[in-house]
Amino acid sequence: MTDARGSAGPNGETPARHAPGTPCWVSLMVHGLAATEEFYGALFGWEFRPGPQQLGPYVRALLDGREVAGLGQLPPDRQLPIAWTPYFASRNADLTAETVRSCSGTIGVGPLDASDAGRLAIGSDPSGAVFGIWQAAEHLGIAVSGVPGTPAWNELLTFESASVAKFYQTVFGYGEEPVVSADFDYVTLLRGGEPVAGIHGLGQALPRDRGPHWVTYFQVADADDTLDHLVHLGGHVLRPVHDTAHGRVATVADPEGALFALLQPQR
């Protein structure tokens, strides 16, 4: 992980519209929507209200009345991986989807309209990692950041960073800041000179049961307390709390197996 700065202003409020290429939303599709709402509501203090239903039952998670994430219900016959998916802002989802295809990525869903909220597509990069594209209309995306219970960072775990970074650079117009190290393969994706996401090449250490995948970090006030609470709620610890240059971090999974990370930023 690298710098977990977001796009929030000095009061923790995000700008009115996310700049193209910036992570603007995270969404999770599950089999047990009610149980998942209960888990994350207890863990992060989220409340929920209905969202667009084009892909089935869907709710938006709110923190103090401001939208931070989405949860949706998978059809009973769809055995898809349960995973948090980051969405990246686009001015034109159709054009971005075409660019994904031309760069050897795939588009599995859309582009399609999500009611009056906006237009979306869900695709995967050439390594197979799934991500979303969001063209905002009424729904601008994450409405608050920099406080506990909000997405703080998105990081792609993949085999190697260089070729995958070129894909995201072409699709979203990123700059990059590679880590120059013989034993650490990491690229920070930049937008307007600011870090917006990371790509971590793990080589053969990448878990075979998951393959390349994005991980969303959620900010917490106290990583140790949140981890204890998560276990009590039925979640799973994949990597215990440990200190990093950016704060205290733990890798966890919810009761359905969706992987995410907890981040207690450095004070």
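Helices (H or I, at least four residues) and strands (E, at least two) are DSSP runs, numbered from the N terminus. Keep those labels handy, since we'll use them as signposts all the way through. What you have above is a predicted model, where local features need pLDDT of at least 70 and side-chain atom pairs count only at pLDDT 80 or more, while totals for chains, interfaces and linings use all residues. Residues are numbered from 1 along each chain as its sequence is written, and side-chain values use heavy atoms, leaving out hydrogens and water.

Let's start with empty space. Rolling a probe the size of a water molecule over the atoms shows where empty space is left. Here a pocket is an open set of points, on a 1 Å grid over the protein atoms alone, where a 1.4 Å probe fits, with protein on both sides within 12 Å along at least five of seven lines; lining residues have an atom within 4 Å of a point. Grid points are joined across faces, edges and corners, and a volume is the space filled by probe spheres set on the points. On that basis, the largest pocket holds about 980 Å³ of space.

Who lines this pocket? There are 37 lining residues, and Met29, Ala83, Thr85, Ile122 and Val130 lie nearest the centre. Several strands chip in with at least two lining residues each: β1 (23–30), β3 (58–63), β5 (84–89), β6 (106–114), β7 (118–124), β8 (130–136) and β13 (213–219). Sorted by class, the lining has 23 nonpolar, nine polar and five charged residues. In this sorting, Ala, Val, Leu, Ile, Met, Phe, Trp, Tyr, Cys and Pro count as nonpolar, Asp, Glu, Lys and Arg as charged, and the others, Gly among them, as polar.

Now find helix α2, residues 93–102. Which of its residues are buried (under 20% relative accessible area, with exposed meaning over 50% and partly exposed in between, using a 1.4 Å probe and protein chains only)? They are Ala93, Thr96, Ala97 and Val100. Looking down the axis of α2, these buried residues fall within an arc of 100 degrees, so they line one face of the helix. That arc is taken from the directions from the helix axis to the C-beta atoms. On the other side of α2, Leu95 and Ser102 are exposed. The buried residues of α2 pack against β6, β7, β8 and α3 (161–172), where contact means heavy atoms within 4.5 Å.

Helix α4, residues 223–232, can be read in a similar way, with Ala223, Thr226, Leu227 and Leu230 buried. Seen down the axis of α4, its buried residues fall within an arc of 100 degrees, so they line one face of the helix. Asp225, Asp228 and His232 are exposed on the other side of α4. What do the buried residues of α4 pack against? Their partners are α1 (33–44), β14 (236–244), β15 (247–253) and β16 (259–265).

Next, trace the backbone around β6. Serine 104 sits in the loop between α2 and β6. It has a positive phi of about 75 degrees although it is not a glycine, and at 57% relative accessibility it counts as exposed. Within strand β6 you'll meet proline 111, and the peptide bond leading to it from glycine 110 is cis, with omega near 0 degrees. Serine 115 lies in the loop between β6 and β7. Serine 115 isn't a glycine either, yet its phi is positive, at about 55 degrees; with 43% relative accessibility, it counts as partly exposed.

Two more loop residues are worth a visit. Isoleucine 82 is in the loop between β4 (66–73) and β5, and it is buried, with a relative accessible area of 13%. Leaving aside neighbours within four places in sequence, isoleucine 82 is in contact with Leu28, Met29, Val30, His31, Leu74, Glu256, Gly257 and Ala258. Phenylalanine 159, in the loop between β9 (151–158) and α3, is partly exposed at 32% relative accessibility. Its C-alpha atom is separated by 6.5 Å from that of leucine 206, 47 residues apart along the chain.

Finally, the cysteines. A disulfide is a pair of cysteine sulfur atoms within 2.5 Å, and by this rule the count comes to zero. Cysteine 24 is in no disulfide, as the nearest cysteine sulfur, that of cysteine 103, is 19 Å away. Cysteine 24 is also buried, with a relative accessible area of 1%.
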